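This report describes the arrangement of a two-chain model. It proceeds from the contact between the chains to individual elements.

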2 protein chains.
Amino acid sequence: MNGTNRHTSSDLAGFFKPRSIAIIGVSRSPSSFGGMSFLDHFLKAGYPGIIYPINPRAADVRGIRAYPDLASLPETPDLAMIAVQAGAVPAVLQECGRLGIRHIHILSAGFGELGTNDGMTLERRVASIAAEQHLLIMGPNCMGPYCPATKLTAWGAIPGRDGRLGIISQSGGITQRLTEQVSSLGVGVSKAASIGNAASLDSPDFLEYMDSDDDIDLIAMYLESVRDGRHLFDLARKVVPRKPVVLLKGGQTEVGAATVASHTGSMAGNRRLWNAFFEQTGVTPVSSMNEWADAILAFSSLPKAGGDGLFIIGGGGGNSVIFSDIAVGEGLTVPQLSPASMERVRPIVPVAGSIAGNPLDLWESFVNGDRLCDLLDVAYRDPQIHMVIVDRLIPRIAFHSPEMPDPTPGIIDFIRTYKGRKPTVFTIDYDGGDMDLNAQGAALRRRFCEAGIPAYPSFERAIRALAHFQRYHRRLRRRTSGGIRPFQRGHTPDNCKDC
Amino acid sequence: MNGTNRHTSSDLAGFFKPRSIAIIGVSRSPSSFGGMSFLDHFLKAGYPGIIYPINPRAADVRGIRAYPDLASLPETPDLAMIAVQAGAVPAVLQECGRLGIRHIHILSAGFGELGTNDGMTLERRVASIAAEQHLLIMGPNCMGPYCPATKLTAWGAIPGRDGRLGIISQSGGITQRLTEQVSSLGVGVSKAASIGNAASLDSPDFLEYMDSDDDIDLIAMYLESVRDGRHLFDLARKVVPRKPVVLLKGGQTEVGAATVASHTGSMAGNRRLWNAFFEQTGVTPVSSMNEWADAILAFSSLPKAGGDGLFIIGGGGGNSVIFSDIAVGEGLTVPQLSPASMERVRPIVPVAGSIAGNPLDLWESFVNGDRLCDLLDVAYRDPQIHMVIVDRLIPRIAFHSPEMPDPTPGIIDFIRTYKGRKPTVFTIDYDGGDMDLNAQGAALRRRFCEAGIPAYPSFERAIRALAHFQRYHRRLRRRTSGGIRPFQRGHTPDNCKDC
């Protein structure tokens with residue numbers, strides 16, 4: 001129960017399954033972003049509910065009957081999307097309150113993010129109307145709710161892909177890209193909440209809701225600020241052991257923080273404080289779009305990691321060296337194989353021009369799927385090995401690659417059906433301007449990802465994702481075994497000797 | 001003049017323009033890597049010189065007359081490529097010495113990298129024959145010379161692309177990928193030397209040669225070890241102010257160093273020592289394949305940077321925040337625009353939903369090329385701004401992007417013809433499993449790169465490349481203005497307070 005808005009977290013579910021939506025502010029000018037663009041996208045996505053365009057000067061919009069105002073509607077819509085000029089928003093909110101419309105998304109910009117007194121006053125006004133009228137508000141200055149299962153997809157990947165990821169974000173653009181990127185790689189989205197300036201409902205409200213939502217296993221967040229940091233902290237501590245939370249925190253530098261003020265009109269907060277937040281909650285910190293999507297791919301698909309020992313299977317001595325450096329640099333270990341493993345590996349790795357061990361350098365692994373599966377089997381049985389990364393080189397003209405049938409289906413099948421397999425990821429290098437290699441590489445990547453086996457376009461990205469994943473599970477293991485200090489309730493970065 | 005091998009650096013030029021090549025060890029087994037694979041690639045690449053396959057049991061190979069041994073050849077070949085079993089290499093070297101064949105590439109593996117006494121003895125034997133017979137040897141255990149201008153392209157990008165990059169590398173596989181990656185993006189290679197175990201000629205020999213080669217402007221290196229670190233250090237200090245050197249150093253971690261021992265049979269050296277090396281020589285340190293290629297792209301194409309002030313042009317508030325954080329995190333500054341610039345920017349950036357300043361958030365910049373060129377013009381005239389990065393978003397279904405003609409040709413033309421333009425790079429996000437977006441993005445990236453305007457598939461990669469580039473030029477500026485301490489001759493990491 002939230003004091004200000006008097007809601008339980010399950011009340012927020014209403015944002016994602018409206019049977020009817022009123023869109024207030026549907027300009028018919030083709031060049032303007034706003035209600036009309038949302039309406040068009042709902043139509044494209046095949047949203048099955050009823051849409052009520054509100055436009056005082058039109059009888060219909062896109063062939064859909066329009067209404068002059070909310071009061072004229074034949075029913076109380078489940079959701080109101082407000083896209084009018086900022087100054088007109090409070091009146092619409094009052095109207096919603098009078099009519100009993102409880103779930104509201106304010107798309108309009110022009111509030112606190114302007115940095116003007118007027119803008120900030122207007123934003124406070126939104127918050128106070130919400131409290132007085134018991135309104136549940138997403139926004140202002142945001143894209144609002146997104147839910148592929150209900151075809152509530154006016155933005156984000158269209159068509160959406162249903163799945164088990166929840167997203168809470170203060171940037172519509174970034175969330176758009178995240179939903180597109182992960183959906184295109186086989187990871188579907190249960191719900192996304194783009195909450196912009198978060199004048200009323202804030203990220204903790206949605207975190208609490210997504211924690212309680214059984215359709216969500218994993219939560220991605222993009223935050224610029226939070227009003228009640230203590231509340232977020234307490235919640236995150238509770239949620240993380242059940243559901244991993246991957247947080248892209250914007251405004252970690254002075255310039256970034258200044259930009260936050262122009263974007264969502266808020267204070268980004270102190271970097272040390274956020275570092276302590278990550279340290280003590282176990283929330284996974286990422287710093288770019290790709291790192292965010294990459295970690296989500298790993299968390300969505302991999303079985304639990306039992307330790308930090310990585311087996312590197314690839315080809316090429318230089319790559320073996322560089323890959324080892326990168327893996328160790330990210331906090332993973334590259335242990336020696338067990339004597340039993342070495343007995344199996346030695347006969348299949350030539351003495352000259354290859355390396356039998358960990359990393360393992362064997363060109364044959366690029367073209368011979370059975371050989372690669374043998375090596376995976378070695379890894380899955382070796383007690384020193386907890387995770388595997390495979391360099392899946394696409395044969396190129398100047399490499400000495402005899403023509404062989406595509407080993408990919410056999411490899412995917414082997415991994416998927418292996419009982420007791422360990423977290424296994426692939427790296428596929430197709431960077432550059434070779435269009436054919438690029439198309440092959442991207443398609444191969446998607447094939448692995450769609451099969452639930454994360455594949456990345458570079459070794460360093462794969463390893464960073466695996467390191468995030470491994471740190472999360474190491475923390476869980478320590479928690480379970482009692483090896484971690486309990487979180488200090490009174491801890492702040494200023495009184496803690498460890499920060 | 002090198003004491004051991006008695007050569008001047010220009011003698012090494014002979015490796016890259018042989019008019020005739022003897023390939024010793026051309027097995028006709030289709031599955032074996034070796035001399036035959038080199039022969040095939042020379043034929044594919046249209047190598048215009050004479051090839052002499054040496055095979056005691058064949059009258060011809062691939063329709064080319066073969067000879068039973070080097071002594072039977074009708075002339076002294078300019079280059080010998082040795083691909084026989086390791087144990088047979090010393091006898092071939094002696095034969096080369098007797099016949100006056102001076103330039104030799106040993107492809108064969110099975111030397112020091114085996115970690116056996118036999119292997120190490122054999123490698124020392126190679127070095128001592130080289131010294132006795134005044135042979136110039138690349139290798140063993142390497143791919144040898146590569147030169148697109150002379151169609152000496154048995155490996156690497158085929159067909160090769162001539163250009164002004166020199167490469168010195170202890171890994172054939174990595175060099176293969178580097179030549180492919182940069183060539184596909186418009187950056188050609190003058191010469192590449194894959195030197196493997198470097199038993200005789202070592203990286204400093206080739207660095208000295210490439211420094212003196214007027215066809216080379218920029219040098220990329222992959223090193224696992226060096227015998228005479230002092231010599232490399234002194235040379236690098238001399239070369240770097242004239243030609244940037246970008247070094248991927250393998251074996252920076254304990255596991256990486258152990259892998260180096262299995263790859264080129266050498267000692268990777270101490271990490272602190274290498275850090276001091278980078279610090280004092282100005283050599284640019286990179287740690288992955290993509291970071292290496294990305295920096296090369298920047299160094300190859302950009303005009304000098306006059307400072308570290310970056311202007312970020314993009315769209316989306318979240319991206320503006322994250323981009324700022326990443327840029328500042330990599331040591332660049334994101335300064336406020338000058339008052340004159342702000343006067344030009346304010347009228348074209350809407351008050352709500354955008355940000356007028358630096359970073360600049362304007363959706364119109366994605367679709368309106370003229371608008372983007374206006375902003376570039378602002379940047380090129382603003383004294384606070386020294387570099388520009390532009391987010392070139394490819395319109396997607398759910399973004400509100402009106403149909404507009406492709407602005408790319410106009411943008412490229414504007415930048416290329418602008419007198420006094422500043423270093424300008426693009427970031428194009430096409431990551432993920434959307435095949436159409438991927439194809440569009442990769443093609444767009446290539447278009448910019450081919451026009452000499454570096455473009456990268458993520459903001460973080462673009463910024464890291466720009467930061468390397470900027471650090472190099474900052475160092476040059478300080479050097480010129482006398483602001484940098486002279487390198488300390490007696491400096492070692494152990495006596496230096498700064499390391």
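How many residues of chain B are in contact with residues of chain A? In this predicted model, local features need pLDDT of at least 70 and side-chain atom pairs count only at pLDDT 80 or more, while totals for chains, interfaces and linings use all residues. Residues are numbered from 1 along each chain as its sequence is written, and chains are lettered from A and ligands numbered from 1 in the order in which they are written.

**The interface between the chains**

The contact joins 79 residues of chain B to 79 residues of chain A, two residues being in contact if their C-beta atoms, placed from the backbone, lie within 7 Å. Helices α1 (35-45), α4 (172-183), α7 (254-263), α10 (317-329), α15 (435-450) and α16 (459-480) of chain B each contribute at least two residues to the side that touches chain A. Helices (H or I, at least four residues) and strands (E, at least two) are DSSP runs, numbered from the N terminus. The most is given by α10(B), with eleven residues.

The composition of two contact sides is set out below. Ala, Val, Leu, Ile, Met, Phe, Trp, Tyr, Cys and Pro count as nonpolar, Asp, Glu, Lys and Arg as charged, and the others, Gly among them, as polar.

| Side | Nonpolar | Polar | Charged |
|---|---|---|---|
| Chain B, touching chain A | 31 residues | 37 residues | eleven residues |
| Domain 1 of chain A, touching domain 2 of chain A | 19 residues | eight residues | four residues |

A turn of 180° with a shift of 0.0 Å along the axis lays chain B on chain A with an RMSD of 0.0 Å; copies are superposed by least squares on the C-alpha atoms of residues with pLDDT of at least 70 in both. This is the relation of a two-fold axis. Within chain B, Ala439(B) has the C-alpha nearest the axis, 3.3 Å from it. Both copies use the same surface, since 100% of the contact residues of chain B recur in chain A.

**Domains of chain A**

The domain assignment, which is automatic or from a database, divides chain A into domain 1 (9-138), domain 2 (144-301) and domain 3 (310-457). The centres of domains 1 and 2 of chain A, taken over C-alpha atoms, are separated by 23 Å. Here 31 residues of domain 1 are in contact with 28 residues of domain 2. On the domain 1 side, α1 (35-45), α3 (117-133) and β7 (136-138) of chain A give two or more residues each.

**Buried residues**

A residue is buried if 20 or more other C-beta atoms lie within 10 Å of its own, exposed if 12 or fewer, and partly exposed in between, with C-beta atoms placed from the backbone. Helix α2 (residues 89-99) of chain B has Val89(B), Val92(B), Leu93(B) and Cys96(B) buried. These residues line one face of the helix, because they fall within an arc of 100° seen down the axis of α2(B); the arc is that of the directions from the helix axis to the C-beta atoms. The face turned away carries the exposed residues Ala91(B) and Arg98(B). Cover for the buried residues of α2(B) includes β1 (20-24), β5 (79-82), β6 (103-106) and α3 (117-133) of chain B.

In chain A, Lys249(A) belongs to strand β12 (residues 245-249). Lys249(A) is buried, with 26 other C-beta atoms within 10 Å. Leaving aside neighbours within four places in sequence, Lys249(A) is in contact with Leu223(A), Trp274(A) and Pro285(A).
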